[in-house]
Amino acid sequence: ERISVGLIGSGGRGRFLAKVFLRDPAVKVVAVCDVYEPNLREGLLVSGGQAKEYQNYRALLQDKGVEVVIIATPEHWHHRMLLDALSAGKDVYIEKPLCQTPEQGVEMVAAGRRSKSVVQVGMQRRSYDLYLKARQTIADGSLGTVRMVRSWWLNNNLQTSTPTTLAGHLDWEAWQGPAPRLPLDPARFFDWRNYPEYSGGVMADQGAHVFDGIHMLMNAGFPTAVNASAGRPHRAGIQLPESVVVAAEYPEDFVAVFTINYAAMKYKSIVDQLSQLDGDKARLDIGRESFHLFRQGEETAPALSETSQGFTKATEDHVDNFLKCVRNRATPTATLEKGFQAVLVTQLANLSSRMQRRIKWNIPENAWQ
(Lines give C-alpha, C1' and ligand atoms only; values in the text may rest on other atoms or scores of the structure.)
Protein backbone atom coordinates (compact mmCIF):
# COMPACT_ATOMS: atom_id res chain seq x y z
CA GLU A 1 0.00 0.00 0.00
CA ARG A 2 2.98 2.28 0.51
CA ILE A 3 6.55 2.31 -0.80
CA SER A 4 8.92 4.56 1.11
CA VAL A 5 11.76 5.93 -1.00
CA GLY A 6 15.05 7.55 -0.09
CA LEU A 7 16.75 9.71 -2.74
CA ILE A 8 20.56 9.66 -2.70
CA GLY A 9 21.78 12.40 -5.00
CA SER A 10 19.14 15.07 -5.59
CA GLY A 11 20.68 16.83 -8.56
CA GLY A 12 18.74 17.27 -11.78
CA ARG A 13 18.55 13.59 -12.68
CA GLY A 14 17.73 12.52 -9.15
CA ARG A 15 14.88 15.01 -8.87
CA PHE A 16 13.50 13.93 -12.25
CA LEU A 17 13.51 10.29 -11.17
CA ALA A 18 11.84 11.16 -7.86
CA LYS A 19 9.03 12.86 -9.78
CA VAL A 20 8.62 9.78 -11.97
CA PHE A 21 8.47 7.56 -8.88
CA LEU A 22 5.85 9.85 -7.33
CA ARG A 23 3.50 9.18 -10.25
CA ASP A 24 2.67 6.00 -8.33
CA PRO A 25 0.21 7.00 -5.58
CA ALA A 26 1.73 4.41 -3.23
CA VAL A 27 5.17 6.02 -3.37
CA LYS A 28 6.33 8.56 -0.83
CA VAL A 29 9.79 10.13 -0.79
CA VAL A 30 10.61 10.02 2.92
CA ALA A 31 14.34 10.87 2.85
CA VAL A 32 16.66 12.97 0.68
CA CYS A 33 20.46 13.04 0.80
CA ASP A 34 22.89 15.34 -0.95
CA VAL A 35 26.21 16.95 0.00
CA TYR A 36 25.47 20.12 -2.01
CA GLU A 37 23.06 22.32 -0.08
CA PRO A 38 21.16 23.79 -3.09
CA ASN A 39 20.49 20.28 -4.46
CA LEU A 40 19.37 19.09 -1.04
CA ARG A 41 16.85 21.96 -0.78
CA GLU A 42 15.49 21.28 -4.28
CA GLY A 43 15.19 17.58 -3.49
CA LEU A 44 13.22 18.31 -0.35
CA LEU A 45 10.82 20.44 -2.40
CA VAL A 46 10.20 17.51 -4.77
CA SER A 47 9.31 15.36 -1.77
CA GLY A 48 6.68 17.87 -0.71
CA GLY A 49 8.84 19.17 2.09
CA GLN A 50 8.04 16.22 4.34
CA ALA A 51 11.19 14.13 3.84
CA LYS A 52 14.01 13.82 6.32
CA GLU A 53 17.21 15.46 5.14
CA TYR A 54 20.62 13.82 5.21
CA GLN A 55 24.11 14.88 4.24
CA ASN A 56 25.52 11.38 4.85
CA TYR A 57 24.04 8.61 2.74
CA ARG A 58 25.04 5.96 5.27
CA ALA A 59 22.76 7.60 7.82
CA LEU A 60 19.90 7.47 5.29
CA LEU A 61 20.54 3.75 4.74
CA GLN A 62 20.21 3.19 8.49
CA ASP A 63 16.74 4.76 8.42
CA LYS A 64 14.30 1.87 8.98
CA GLY A 65 11.54 3.89 7.34
CA VAL A 66 13.31 3.75 3.97
CA GLU A 67 12.52 0.63 1.91
CA VAL A 68 13.80 1.68 -1.53
CA VAL A 69 16.68 3.95 -2.50
CA ILE A 70 17.35 5.82 -5.73
CA ILE A 71 21.08 6.25 -6.34
CA ALA A 72 21.52 9.17 -8.74
CA THR A 73 24.97 10.34 -7.75
CA PRO A 74 28.04 10.79 -9.97
CA GLU A 75 29.47 7.56 -11.33
CA HIS A 76 32.43 7.28 -8.92
CA TRP A 77 30.06 6.71 -5.97
CA HIS A 78 27.88 3.97 -7.53
CA HIS A 79 30.00 1.00 -6.49
CA ARG A 80 30.29 1.82 -2.79
CA MET A 81 26.73 3.07 -2.42
CA LEU A 82 25.19 0.00 -4.05
CA LEU A 83 27.17 -2.39 -1.85
CA ASP A 84 26.16 -0.42 1.25
CA ALA A 85 22.50 -0.30 0.17
CA LEU A 86 22.44 -4.06 -0.38
CA SER A 87 24.03 -4.61 3.03
CA ALA A 88 21.28 -2.45 4.53
CA GLY A 89 18.61 -4.63 2.84
CA LYS A 90 17.25 -1.88 0.58
CA ASP A 91 15.80 -2.32 -2.89
CA VAL A 92 17.75 -0.13 -5.31
CA TYR A 93 17.17 1.86 -8.50
CA ILE A 94 20.65 2.91 -9.62
CA GLU A 95 21.58 5.17 -12.50
CA LYS A 96 23.96 4.14 -15.24
CA PRO A 97 26.82 3.79 -16.00
CA LEU A 98 26.83 1.15 -13.29
CA CYS A 99 30.45 1.53 -12.20
CA GLN A 100 33.96 2.67 -13.17
CA THR A 101 36.01 -0.54 -13.46
CA PRO A 102 35.52 -4.22 -14.37
CA GLU A 103 36.60 -5.19 -10.86
CA GLN A 104 33.83 -3.05 -9.37
CA GLY A 105 31.27 -4.57 -11.72
CA VAL A 106 32.20 -8.12 -10.80
CA GLU A 107 31.91 -7.28 -7.10
CA MET A 108 28.54 -5.53 -7.56
CA VAL A 109 27.00 -8.38 -9.56
CA ALA A 110 28.25 -10.96 -7.05
CA ALA A 111 26.82 -8.94 -4.16
CA GLY A 112 23.49 -8.62 -5.97
CA ARG A 113 23.31 -12.38 -6.48
CA ARG A 114 23.86 -12.95 -2.76
CA SER A 115 21.24 -10.37 -1.83
CA LYS A 116 17.47 -10.65 -1.70
CA SER A 117 17.11 -7.04 -2.84
CA VAL A 118 15.51 -5.98 -6.12
CA VAL A 119 17.94 -3.89 -8.19
CA GLN A 120 17.13 -2.04 -11.40
CA VAL A 121 19.81 -0.23 -13.44
CA GLY A 122 18.52 2.94 -15.13
CA MET A 123 18.86 1.74 -18.72
CA GLN A 124 15.44 2.62 -20.07
CA ARG A 125 15.75 0.86 -23.41
CA ARG A 126 15.04 -2.40 -21.56
CA SER A 127 11.49 -1.13 -20.92
CA TYR A 128 11.09 0.93 -24.10
CA ASP A 129 8.18 0.00 -26.36
CA LEU A 130 10.24 0.89 -29.44
CA TYR A 131 13.10 -1.45 -28.54
CA LEU A 132 10.73 -4.22 -27.45
CA LYS A 133 9.03 -4.11 -30.87
CA ALA A 134 12.38 -3.99 -32.66
CA ARG A 135 13.69 -6.95 -30.68
CA GLN A 136 10.67 -9.00 -31.68
CA THR A 137 11.11 -8.01 -35.33
CA ILE A 138 14.71 -9.18 -35.24
CA ALA A 139 13.83 -12.40 -33.37
CA ASP A 140 11.25 -13.19 -36.06
CA GLY A 141 14.09 -13.43 -38.58
CA SER A 142 13.13 -10.39 -40.65
CA LEU A 143 16.77 -9.26 -40.97
CA GLY A 144 18.25 -12.65 -41.67
CA THR A 145 21.72 -13.05 -40.16
CA VAL A 146 23.25 -9.95 -38.57
CA ARG A 147 27.05 -9.86 -38.46
CA MET A 148 27.51 -6.17 -37.74
CA VAL A 149 25.74 -3.39 -35.84
CA ARG A 150 26.81 0.21 -36.54
CA SER A 151 25.86 2.94 -34.08
CA TRP A 152 26.59 6.63 -33.73
CA TRP A 153 25.75 9.48 -31.36
CA LEU A 154 26.45 13.08 -32.37
CA ASN A 155 26.39 16.29 -30.37
CA ASN A 156 28.65 19.15 -29.33
CA ASN A 157 29.91 19.94 -25.84
CA LEU A 158 32.86 22.11 -26.84
CA GLN A 159 30.84 25.29 -26.47
CA THR A 160 29.33 24.32 -23.13
CA SER A 161 30.13 26.72 -20.31
CA THR A 162 30.71 25.24 -16.86
CA PRO A 163 29.78 27.26 -13.75
CA THR A 164 32.82 28.49 -11.85
CA THR A 165 31.12 29.32 -8.56
CA LEU A 166 28.97 27.39 -6.11
CA ALA A 167 25.51 28.60 -5.15
CA GLY A 168 25.74 27.18 -1.64
CA HIS A 169 27.71 24.93 0.66
CA LEU A 170 29.35 21.82 -0.81
CA ASP A 171 30.96 19.15 1.35
CA TRP A 172 33.82 18.62 -1.10
CA GLU A 173 35.48 15.94 1.00
CA ALA A 174 32.29 13.86 1.10
CA TRP A 175 31.59 14.44 -2.61
CA GLN A 176 35.04 13.15 -3.60
CA GLY A 177 34.46 10.01 -1.54
CA PRO A 178 36.48 7.14 -3.05
CA ALA A 179 38.12 9.40 -5.68
CA PRO A 180 41.65 10.85 -5.36
CA ARG A 181 41.91 13.96 -3.20
CA LEU A 182 42.14 17.22 -5.16
CA PRO A 183 41.54 20.90 -4.28
CA LEU A 184 37.96 22.15 -4.48
CA ASP A 185 37.09 22.90 -8.09
CA PRO A 186 33.52 23.85 -9.08
CA ALA A 187 34.24 22.74 -12.67
CA ARG A 188 34.90 19.21 -11.47
CA PHE A 189 31.72 19.22 -9.41
CA PHE A 190 29.44 20.51 -12.18
CA ASP A 191 31.17 18.80 -15.11
CA TRP A 192 32.28 15.55 -13.46
CA ARG A 193 31.55 13.42 -16.56
CA ASN A 194 34.64 14.88 -18.24
CA TYR A 195 37.15 13.87 -15.56
CA PRO A 196 38.55 10.33 -15.27
CA GLU A 197 38.53 10.40 -11.46
CA TYR A 198 34.72 10.38 -11.52
CA SER A 199 33.62 9.01 -14.91
CA GLY A 200 34.47 7.03 -18.04
CA GLY A 201 33.72 10.12 -20.10
CA VAL A 202 30.97 10.89 -22.58
CA MET A 203 31.76 7.65 -24.41
CA ALA A 204 30.92 5.60 -21.31
CA ASP A 205 27.99 7.79 -20.34
CA GLN A 206 26.22 7.43 -23.68
CA GLY A 207 27.88 4.18 -24.74
CA ALA A 208 26.33 2.30 -21.82
CA HIS A 209 22.91 3.14 -23.29
CA VAL A 210 23.93 2.25 -26.84
CA PHE A 211 25.63 -1.05 -26.06
CA ASP A 212 22.81 -2.10 -23.76
CA GLY A 213 20.39 -1.46 -26.62
CA ILE A 214 22.57 -3.58 -28.92
CA HIS A 215 22.78 -6.37 -26.35
CA MET A 216 19.01 -6.33 -25.97
CA LEU A 217 18.28 -6.34 -29.71
CA MET A 218 20.88 -9.00 -30.49
CA ASN A 219 20.19 -11.12 -27.39
CA ALA A 220 23.90 -10.85 -26.63
CA GLY A 221 25.90 -11.26 -23.46
CA PHE A 222 29.42 -10.24 -22.51
CA PRO A 223 31.87 -9.22 -25.24
CA THR A 224 34.96 -11.30 -26.02
CA ALA A 225 37.18 -8.36 -26.99
CA VAL A 226 37.07 -4.59 -27.48
CA ASN A 227 39.24 -2.26 -29.53
CA ALA A 228 39.00 1.55 -29.43
CA SER A 229 40.60 4.69 -30.81
CA ALA A 230 40.10 8.21 -29.49
CA GLY A 231 40.94 11.75 -30.45
CA ARG A 232 42.41 14.21 -28.01
CA PRO A 233 40.23 16.39 -25.74
CA HIS A 234 39.55 19.87 -27.12
CA ARG A 235 38.12 21.73 -24.12
CA ALA A 236 40.54 23.51 -21.83
CA GLY A 237 41.20 21.51 -18.67
CA ILE A 238 39.24 18.46 -19.84
CA GLN A 239 41.06 15.13 -19.78
CA LEU A 240 38.61 12.80 -21.54
CA PRO A 241 38.07 12.80 -25.33
CA GLU A 242 34.81 13.77 -26.96
CA SER A 243 35.41 11.72 -30.14
CA VAL A 244 35.83 7.94 -29.80
CA VAL A 245 35.35 4.85 -32.00
CA VAL A 246 34.68 1.49 -30.30
CA ALA A 247 34.55 -1.98 -31.90
CA ALA A 248 33.24 -4.81 -29.71
CA GLU A 249 33.38 -8.51 -30.64
CA TYR A 250 30.80 -11.00 -29.35
CA PRO A 251 30.63 -14.80 -29.02
CA GLU A 252 27.27 -14.59 -30.81
CA ASP A 253 29.37 -13.98 -33.96
CA PHE A 254 28.85 -10.29 -34.65
CA VAL A 255 30.72 -7.02 -34.25
CA ALA A 256 29.24 -3.82 -32.81
CA VAL A 257 30.83 -0.52 -33.81
CA PHE A 258 29.96 2.62 -31.86
CA THR A 259 31.12 6.10 -32.90
CA ILE A 260 30.55 9.03 -30.58
CA ASN A 261 31.46 12.55 -31.62
CA TYR A 262 30.65 15.40 -29.27
CA ALA A 263 32.63 17.78 -31.50
CA ALA A 264 29.99 17.64 -34.25
CA MET A 265 27.24 20.15 -34.85
CA LYS A 266 24.55 20.15 -32.17
CA TYR A 267 21.64 17.97 -33.28
CA LYS A 268 18.05 17.95 -32.15
CA SER A 269 17.66 15.09 -29.70
CA ILE A 270 15.20 13.24 -31.93
CA VAL A 271 17.93 12.68 -34.57
CA ASP A 272 21.16 12.68 -32.52
CA GLN A 273 21.66 8.91 -32.46
CA LEU A 274 21.12 5.84 -34.63
CA SER A 275 21.89 2.12 -34.60
CA GLN A 276 21.87 0.17 -37.87
CA LEU A 277 21.63 -3.61 -37.76
CA ASP A 278 23.02 -5.00 -41.02
CA GLY A 279 21.29 -8.28 -41.84
CA ASP A 280 21.78 -10.26 -45.03
CA LYS A 281 18.05 -9.92 -45.82
CA ALA A 282 17.26 -6.47 -44.45
CA ARG A 283 18.62 -3.57 -42.40
CA LEU A 284 16.95 -2.10 -39.33
CA ASP A 285 17.65 1.54 -38.37
CA ILE A 286 16.61 2.41 -34.83
CA GLY A 287 16.93 5.88 -33.35
CA ARG A 288 15.66 7.62 -30.27
CA GLU A 289 11.96 7.58 -31.17
CA SER A 290 11.45 5.45 -34.31
CA PHE A 291 12.75 2.50 -36.28
CA HIS A 292 12.61 1.58 -39.98
CA LEU A 293 13.24 -1.73 -41.73
CA PHE A 294 14.69 -1.73 -45.27
CA ARG A 295 14.61 -4.93 -47.32
CA GLN A 296 17.22 -5.88 -49.89
CA GLY A 297 16.51 -4.23 -53.21
CA GLU A 298 14.10 -1.75 -51.60
CA GLU A 299 16.59 0.35 -49.65
CA THR A 300 14.95 3.71 -50.44
CA ALA A 301 11.58 2.99 -48.84
CA PRO A 302 11.05 1.27 -45.48
CA ALA A 303 9.01 -1.93 -45.53
CA LEU A 304 8.17 -1.43 -41.84
CA SER A 305 8.21 1.63 -39.60
CA GLU A 306 7.40 2.07 -35.93
CA THR A 307 7.29 5.14 -33.72
CA SER A 308 7.45 5.31 -29.94
CA GLN A 309 5.49 7.04 -27.23
CA GLY A 310 8.60 9.08 -26.43
CA PHE A 311 11.76 8.61 -24.41
CA THR A 312 10.23 10.07 -21.25
CA LYS A 313 7.59 7.35 -21.42
CA ALA A 314 10.42 4.80 -21.55
CA THR A 315 11.73 6.09 -18.21
CA GLU A 316 8.23 5.98 -16.75
CA ASP A 317 7.77 2.38 -17.90
CA HIS A 318 11.20 1.47 -16.52
CA VAL A 319 10.35 2.86 -13.09
CA ASP A 320 6.93 1.16 -13.21
CA ASN A 321 8.66 -2.15 -13.93
CA PHE A 322 10.94 -1.65 -10.94
CA LEU A 323 8.08 -0.79 -8.58
CA LYS A 324 6.12 -3.82 -9.79
CA CYS A 325 9.13 -6.00 -8.97
CA VAL A 326 9.47 -4.35 -5.55
CA ARG A 327 5.90 -5.46 -4.87
CA ASN A 328 6.06 -9.01 -6.25
CA ARG A 329 9.83 -9.70 -5.85
CA ALA A 330 10.21 -10.56 -9.53
CA THR A 331 13.34 -9.91 -11.61
CA PRO A 332 13.39 -6.43 -13.22
CA THR A 333 14.18 -5.80 -16.87
CA ALA A 334 17.61 -4.17 -16.32
CA THR A 335 19.47 -6.37 -13.84
CA LEU A 336 22.93 -5.75 -12.44
CA GLU A 337 24.28 -8.32 -14.90
CA LYS A 338 22.83 -6.38 -17.85
CA GLY A 339 24.08 -3.10 -16.43
CA PHE A 340 27.58 -4.52 -16.05
CA GLN A 341 27.59 -6.04 -19.56
CA ALA A 342 26.84 -2.62 -21.03
CA VAL A 343 29.35 -0.58 -19.06
CA LEU A 344 32.04 -3.26 -19.35
CA VAL A 345 32.30 -2.58 -23.10
CA THR A 346 33.03 1.08 -22.41
CA GLN A 347 35.51 0.24 -19.65
CA LEU A 348 37.42 -2.09 -21.96
CA ALA A 349 37.25 0.62 -24.63
CA ASN A 350 38.92 3.14 -22.32
CA LEU A 351 41.60 0.57 -21.45
CA SER A 352 42.12 -0.19 -25.14
CA SER A 353 42.47 3.49 -26.02
CA ARG A 354 44.99 4.12 -23.24
CA MET A 355 47.03 0.95 -23.90
CA GLN A 356 46.67 1.22 -27.68
CA ARG A 357 45.76 -2.43 -28.14
CA ARG A 358 42.82 -4.83 -28.33
CA ILE A 359 41.56 -5.92 -24.90
CA LYS A 360 40.10 -9.39 -24.33
CA TRP A 361 37.44 -10.33 -21.78
CA ASN A 362 37.72 -14.02 -20.95
CA ILE A 363 36.63 -14.24 -17.31
CA PRO A 364 33.90 -16.89 -16.89
CA GLU A 365 30.86 -15.93 -14.86
CA ASN A 366 31.31 -18.88 -12.51
CA ALA A 367 34.56 -17.26 -11.38
CA TRP A 368 32.60 -14.53 -9.59
CA GLN A 369 29.46 -16.22 -8.35
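**Two pockets and a nine-stranded sheet**

The lining of the largest pocket is made up of 18 nonpolar, 15 polar and 10 charged residues. I start there, and then work outwards to the rest of the chain. One caution before that: this is a predicted model.

How much space lies in the largest pocket? About 1100 Å³. The pocket has 43 lining residues, and those nearest its centre are Arg13, Ala72, Thr73, Trp192 and Arg193. Several helices take part. Two or more lining residues come from each of α1 (12-21), α3 (57-61), α4, α7 (172-176), α8 (186-190), α9 (201-218) and α10 (311-328). Which of these gives the largest share? That is α1, with four residues.

Now the second largest pocket. Its volume is about 480 Å³. There are 28 residues in the lining, and Ser199, Gly200, Leu240, Asn350 and Arg354 are the closest to the centre. The elements that supply two or more residues here are α5 (102-114), α9 and α11 (336-355). Of the elements, α11 gives the most, seven residues. Sorted by class, this lining holds 13 nonpolar, 11 polar and four charged residues.

Next, the strands. I will take β4 as the example, residues 68-71. Are its residues Val68, Val69, Ile70 and Ile71 buried or exposed? They are all buried. Val68 and Ile70 point one way from the strand, while Val69 and Ile71 point the other way. The general background is that side chains in a regular strand alternate between the two faces of the sheet.

What does β4 pair with? One partner is β1, residues 3-8, in the parallel sense and over four bridges. In that pairing Gly6 stands opposite Val69. Another partner is β5, residues 91-94, which runs parallel to β4 and is joined to it by four bridges. Here Val69 has Val92 as its bridge partner. To get from β4 to β5 the chain passes through helix α4, residues 78-87, and this β-α-β crossover is right-handed. Helix α4 has come up before: it is among the elements that give two or more residues to the lining of the largest pocket.

There is also an open sheet of nine strands with mixed pairing. Its order is β14-β13-β12-β11-β7-β10-β9-β8-β15. Which strands lie at the edges? They are β14 (304-307) and β15 (359-360), each of which pairs on one side only. In general, strands of a sheet pair through backbone hydrogen bonds, either parallel or antiparallel. For an antiparallel case, take β13, residues 290-295, which is joined to β14 by four bridges. Within that pair, His292 stands opposite Ser305 of β14.

Finally, the protein as a whole. It has 11 helices and 15 strands. The radius of gyration is 20 Å, close to the 21 Å that the globule rule gives for 369 residues, so the protein is as compact as a globular protein of that length. The C-alpha trace spans about 60 × 50 × 45 Å along the principal axes. Of the 369 residues, 56% are buried.

To recap, the largest pocket has 43 lining residues and the second largest has 28. Strand β4 has all four of its named residues, Val68 to Ile71, buried, and the nine-stranded sheet is open, with mixed pairing.

Conventions
Residues are numbered from 1 along each chain as its sequence is written. This is a predicted model: local features need pLDDT of at least 70, side-chain atom pairs count only at pLDDT 80 or more; totals for chains, interfaces and linings use all residues. Side-chain values use heavy atoms; hydrogens and water are left out. Buried means under 20% relative accessible area, exposed over 50%, partly exposed in between (1.4 Å probe, protein chains only). Two strands pair if DSSP finds at least two bridges between them. A crossover is right-handed if, with the strands pointing away from the viewer, the path from the first strand over the helix to the second runs clockwise. On a 1 Å grid over the protein atoms alone, a cavity is a set of points where a 1.4 Å probe fits but cannot get out, and a pocket is an open set with protein on both sides within 12 Å along at least five of seven lines; lining residues have an atom within 4 Å of a point. Grid points are joined across faces, edges and corners, and a volume is the space filled by probe spheres set on the points. Ala, Val, Leu, Ile, Met, Phe, Trp, Tyr, Cys and Pro count as nonpolar, Asp, Glu, Lys and Arg as charged, and the others, Gly among them, as polar. The radius of gyration is taken over C-alpha atoms; the globule rule is 2.2 Å times the number of residues to the power 0.38.
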